[in-house]
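Me: I am new to this structure and would like to go through it step by step. Please keep the answers short and show the reasoning.

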Amino acid sequence: MLAGKGANQFAESIGVNTVPTDKLVTEYEKKEWEKHKKYIVGVMEEFNTKWAHDTVGAIAVDCAGNVACATSTGGIRNKMVGRVGDSPCIGCGGYADNSSGAVSCTGHGESILKVTLARLILSHVEQGRSIADASQLSLQHMGERVQGAGGAIVVSPSGQWAATFTTERMAWAAAEDDVLWFGLNPKERLKEKLSQ
Ligand SMILES: NC(=O)C[C@H](N)C(=O)O
């Protein structure tokens, strides 16, 4: 894994377009940053409540049972320069193995790293738990063991899936055959027929 200066150098060497950092700062975020300047308060307020979850995760399974995951994030507000969160760390923010499934996580990165959340979920699956139970158990464990809240989307090679969270809300959606499932609040499971 490359971070900081080394990551920039590598990106430049393969021709990734760069923009000045201030182009990435919005007025809204500047105001939010002023409001939540204290790191601990910011973390406790944001990750153990409903706000500030900007992470985008995706998982997929194909008709041959191959699974994949991807996780992208802006990290957390007030993070230290040089922080590497859970999202790029294999086994933490995401994991995919054709023998058990694919996972993408969101939530308080330091907590996710401590319990290696994505791998923890799949190890429960390997021990015979359902995708839904494995997610629930692992997120519960993260809450009890390190007081962190978060969420995970999981899919098995046979197409079982779950979207589970211990934060107040998590926006999720799943496409299965010709149905789009989606939700935001706990226990919310809405569906819509996908048009061809
Ligand atoms: N919103 C998030 O999921 C943040 C991410 N997990 C991080 O801590 O970097």
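## Rings, strands and helices

Reply: To begin with one residue, Trp172 is buried, at a relative accessible area of 9%. The model is a predicted one.

Me: Which class, stacked, edge-to-face or tilted, fits the rings of Trp161 and Trp172?

Reply: A pair of aromatic rings is described by the distance of the centres and the angle of the planes. For Trp161 and Trp172 the centres are 5.6 Å apart and the planes stand at 50 degrees. Planes under 30 degrees apart would count as stacked and over 60 as edge-to-face. The pair of Trp161 and Trp172 is therefore tilted.

Me: How many residues apart in sequence are the parts that this pair ties together?

Reply: Trp161 lies in strand β6, and Trp172 lies in strand β7 (residues 172-176). The pair therefore ties together parts whose separation in sequence is eleven residues.

Me: Is Trp161 buried or exposed?

Reply: The relative accessibility of Trp161 is 18%. The limit for buried is under 20%, so Trp161 counts as buried.

Me: What is the class of the pair formed by Trp161 and Trp181?

Reply: The ring centres of Trp161 and Trp181 are 6.4 Å apart. Their planes are at 55 degrees, so this pair is tilted.

Me: How far apart along the chain are Trp161 and Trp181?

Reply: Trp161 belongs to strand β6, while Trp181 belongs to strand β8 (residues 179-183). The pair links distant parts of the chain, and the separation is 20 residues.

Me: Which residues do the ring pairs link into a cluster?

Reply: The whole structure holds two aromatic pairs. Ring pairs join three residues into a cluster: Trp161, Trp172 and Trp181.

Me: Which residue lies over the face of Trp181?

Reply: Trp181 is buried, as is Trp161. At 4.7 Å from the ring centre of Trp181, over its face, lies Arg189.

Me: Where is Gln160, and which residues does Gln160 touch?

Reply: Gln160 sits in the loop between β5 (150-155) and β6 (161-165). The C-alpha atom of Gln160 is 38 Å from that of Asn17, 143 residues away along the chain. Leaving out residues up to four places away in sequence, Gln160 touches Ile131, Val154 and Val155.

Me: Which strands stand at the edges of the open sheet?

Reply: The sheet has four strands in the order β3-β4-β5-β6, paired in the antiparallel sense. Two of its strands each have a single partner strand, so one side of each is left without a neighbour in the sheet. The strands at the edges are β3 and β6.

Me: What is the bridge partner of Gly94 in β4?

Reply: β3 and β4 are antiparallel and share four bridges. In β4, Gly94 has as its bridge partner Ser104.

Me: Which residue in the turn between β1 and β2 has a positive phi?

Reply: β1 (residues 56-61) and β2 (residues 67-72) pair in the antiparallel sense over six bridges, and one bridge joins Ala60 to Ala68. The two strands form a hairpin with five residues between them. The residue in the turn with a positive phi, about 85 degrees, is Gly65.

Me: Why is helix α5 described as largely enclosed by the rest of the structure?

Reply: The buried residues of α5 (residues 117-126) include Leu117, Leu120 and Val125. They pack against β3 (94-97), β4 (101-107), α4 (109-115), α6 (131-146) and β5. The helix is largely enclosed because the number of its ten residues that are buried is seven.

Me: At about what angle does α6 run to β6?

Reply: α5 lies across β3, β4 and β5 and runs at about 140 degrees to β4. α6 lies across β5 and β6, and its angle to β6 is about 20 degrees.

Me: Why is there no bond between the sulfur of Cys92 and that of Cys89?

Reply: The structure holds zero disulfides. Cys69 is in none, with the nearest cysteine sulfur, in Cys105, 8.8 Å away. For Cys92 the closest cysteine sulfur is in Cys89, and a disulfide requires sulfur atoms within 2.5 Å. The two are too far apart for a bond because their distance is 5.3 Å.

Terms used. Residues are numbered from 1 along each chain as its sequence is written. This is a predicted model: local features need pLDDT of at least 70, side-chain atom pairs count only at pLDDT 80 or more; totals for chains, interfaces and linings use all residues. Side-chain values use heavy atoms; hydrogens and water are left out. Contact means heavy atoms within 4.5 Å. Two strands pair if DSSP finds at least two bridges between them. Rings of Phe, Tyr and Trp (its six-membered ring) pair if their centres lie within 6.5 Å; planes under 30 degrees apart count as stacked, over 60 as edge-to-face and the rest as tilted. Buried means under 20% relative accessible area, exposed over 50%, partly exposed in between (1.4 Å probe, protein chains only). A charge sits over a ring if NZ of Lys or CZ of Arg is within 6 Å of the ring centre and within 35 degrees of the ring normal. Axes are lines fitted to C-alpha atoms, for helices over the stretch in contact, and angles run from 0 to 180 degrees between N-to-C directions.
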